[in-house]
Amino acid sequence: PRSKKRRPTFRRLLKTSGVKLENKLKNRQLKQQNVAKKQRKEQKKLRQAVKDAAIRTPRPLETYRKRPEEEEDEEEFLESLPTDMLEDEDLQQMTAMARQASFITRDLSSCGPVHSGKKRSSEVVRSYEKVPRKMARTEEKEVIHLLPIKDKTGVIPQSVERVVKKQLEEEDEEEDAADELQDSENVKACDVSSRAEGEPQSSAVLTAEQREQLRVHKINERKLCIAGLGSAIMSDPYSNIKRLKELRGMLMESDPCVAVTVRKLVMVSLMEIFKDITPTYRIRPLTPAEKAAKVKKETQQLREFEEGLVSQYKFYLEDLEQTIKDWKQKKKKRSQAVGFQSYSGLAEVAVRCLCELLLALPHFNFHNNIIVVLAPLMNDPAKKVSAQCCDVFRKLFQQDKGGGASLATVRVISGLVKSLNYNVKPELLRTLLSLRIKEVEMKKDIEDTAPKKKFMNNKEKKKNLSRMQKKWKKAEEKLEKELLEAEASENKEKKIKLHTETLNIVFLIYFRILKKAQKSVLLPAVLEGLAKFAHLINLEFFDDLLNVLQNLIQSGNLTNRESLHCIQTVFTILSGQGDVLNIDPLNFYSQLYKLLPRLHAGVPNDDIIIVLRCLDAMLMRRRKQVTLQRAMAFIKRLSTLSLHVLPNASVGLLAASRAAVHVSLP
């Protein structure tokens, strides 16, 4: 009869074959694990046996003293033996064998145990037994399942075995500790022997040429190491951020013959790496809640990268700062690998790296710390360092669009000038002339006292505007917000506020020097700065400032250039916001008229530029307040001056006199 059982379908066959294969694979893996465990246990027992055998030291054979009666009988017996029956060679051989064989000299009739020495000697382990045996390891294989084949008989599963190369994860801790201890002892022994043998040989045997070749070889090795670490960091900074610590560790190079060169190379390499891998935003520390929250793998990797970058950048800046401090304080540190003379070169490279980072990363962390380190170096006695720092702050002022970096720098400079009691270089104050300040908040008394217009409230606007107008206004406001976000424009009000605060500190520096140090070398730089920023001074300072400048000119202690700066400052004020003041600057007109014939007629024509600016403010902008006789007198004096100056200066003076003629004529 036909069987009533249904034949299994193809899907069921596939399913059952897959389950069987999985069970087989699991059983095979379990067997391999059991075999590996047994092997590890056997190896552990063998190592323990070898260790115990090595600890037990072999005991020598026991010797027993003879009785005096037995010794006398033995001597009589030996004397009674006939010696002429033995030859000399046989006698020597017998004596040699008697010395070597201990069992001949042993007294068998003594009371000591006969087989005790034999048992103890059997306990001694031979040397070849101490060597651990290598057990045969079965290779682990991985089963790869392929697509099954179907034929007339049914479904045939296909699989391939592949050998997996793995290292045993569970190793004996005692063996590892013993190996590490032995390796460390070998390294120490090699170091000691190399120091004991290599140093006298290098100092006594090697020539100067060989020493130089050895130094070049060491430097090339360090360069390859630096290049390898740098390329690894640059290729994948998120994964290799820990390599920064290895590269920064090379700043502590202790080999005296290459220490200076290697440290300089590492400083510059780290500077370039930080300039390239640093993000375009400021990294803030995470809050405890953010650290405790679960995040994605990519976010966690980004956080680790940012944390590692900030910490290594901080340590790098501290190393640079410490190098500069050691140079300034003339300290010799770091295992005396670098001499005093070489510290100046290291300090110059450190200053250069800080200057590059100050310009390249004005948005990143620790920017204000770099300013605090570099600002005092503008007053350094070393001209190279001082000029480098002054140049970098000029560039910083010129490229600072937001005003935050300029404000931080001006604050540091103000505190520095005050702490040093105004004994600073004029170049330090001349860097303030590069500030990009064109607009500040002005206090205008007229606008404050004028009646303010009454603007409509939101309710009134809603009442007066129609529905269509409200719709259009809402659409315009939305469009303006989108445009601001797209352009990423800076907040103008915030920028003006920062510029106002910066300029207030600058004027505070200038006014302090005018009040307390009028005879210092800083006065020309102060007057030049006042001449540039005079149009931004508030009205409340005008009267006091004009009195101070007039007293300085009348004292007669100023040079021609300083007097010209005073006159330029006064007329810049009067041609701007000073229009509301009823002041007659007759004294300043007469001072400039007397000063014109005394100008330098040689190569430096810098004073002529200041004269032309003064004439523009005195005659052209204030043409309504200038009388005809005063204008004609200045035209005559300018024509006379143009005859004894250089051609380029005479062209400017004649153009100024021509403009004065056009202005004065009705």
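**Exercise 1. Describe the salt bridge between D616 and R621, and say how exposed each partner is.**

Solution. Start with the contact: in this predicted model, D616 and R621 bring their side chains together in a salt bridge, with 3.4 Å from N to O. Next, check the surroundings of each partner. D616 has a relative accessible area of 32%, so it is partly exposed. R621 reaches 55% and is exposed, because the cut-off for that class is over 50%.

**Exercise 2. Work out which parts of the chain the salt bridge of D255 and K218 ties together.**

Solution. First, the geometry: the closest N and O atoms of D255 and K218 are 3.1 Å apart. Second, the places: D255 is in the loop between α9 and α10 (259–277), while K218 belongs to helix α8, so the bridge joins parts 37 residues apart in sequence. Third, the exposure: D255 counts as buried at 18% relative accessibility, because buried means under 20%. K218, at 22%, is partly exposed.

Now turn to E272 and K275, whose salt bridge spans 4.0 Å from N to O. Both residues lie in helix α10, 3 residues apart, which is about one turn of the helix. E272 is partly exposed at 35%, and K275 is partly exposed at 26%. Together with E356, E272 and K275 are linked in a network of salt bridges. For the overall tally, the model has 16 salt bridges.

**Exercise 3. Find how many aromatic pairs the structure has, and analyse two of them.**

Solution. Searching the whole structure gives 10 aromatic pairs. One of them is Y238 with F305, a tilted pair with 4.5 Å between centres and 45° between planes. Y238 sits in the loop between α8 (208–235) and α9 (243–249), and F305 in helix α12 (residues 297–329), so parts 67 residues apart in sequence are tied together. The two partners can then be placed by accessibility: Y238 is partly exposed at 39%, whereas F305 is buried at 3%.

Y589 and F634 make an edge-to-face pair, 6.2 Å centre to centre with 65° between the planes. Y589 comes from helix α25 (residues 586–595) and F634 from helix α27 (residues 628–641), so this pair connects parts 45 residues apart in sequence. Both Y589 and F634 are buried. The ring of Y589 has a further partner to note: the charged end of R630 sits over it, 4.4 Å from its centre.

**Exercise 4. Trace the ring cluster that includes F366, and examine the backbone of F366.**

Solution. Ring pairs join F274, Y313, Y316, F364 and F366 into a cluster. Within that group, F366 has a positive phi of about 65° although it is not a glycine. F366 lies in the loop between α13 (340–360) and α14 (367–374).

Y316 leads on to the largest nonpolar core, which has 132 residues; Y316, L374, L429 and L432 have the most contacts inside it. The largest share of this core, 11 residues, is supplied by α13. Beyond four places in sequence, L432 touches residues including F397, V410, I413 and F533.

**Exercise 5. Decide where the coordinates call for caution.**

Solution. Begin with the chain: its average pLDDT is 77, and 72% of the residues score at least 70. Then look for weak stretches. Residues 101–123 stay under 50, and the model gives them 18 contacts beyond four places in sequence. Residues 444–455 are also below 50, with 2 contacts beyond near neighbours in sequence. Where pLDDT is low, predicted coordinates should not be read in detail.

Terms used:
Residues numbered from 1 in each chain as written. Predicted model: local features only at pLDDT ≥ 70, side-chain atom pairs only at ≥ 80, totals over all residues. Heavy atoms only, no water. Helix = DSSP H or I, 4+ residues; strand = E, 2+ residues; numbered from the N terminus. Phe/Tyr/Trp six-rings, centres within 6.5 Å; stacked < 30°, edge-to-face > 60°. Buried < 20%, exposed > 50% of the residue type's maximum accessible area, 1.4 Å probe, protein only. Lys NZ or Arg CZ within 6 Å of the ring centre and 35° of its normal. Core = buried A, V, L, I, M, F, W, Y, C linked by side-chain atoms within 4.5 Å. Contact = heavy atoms within 4.5 Å. pLDDT = per-residue confidence, 0-100.
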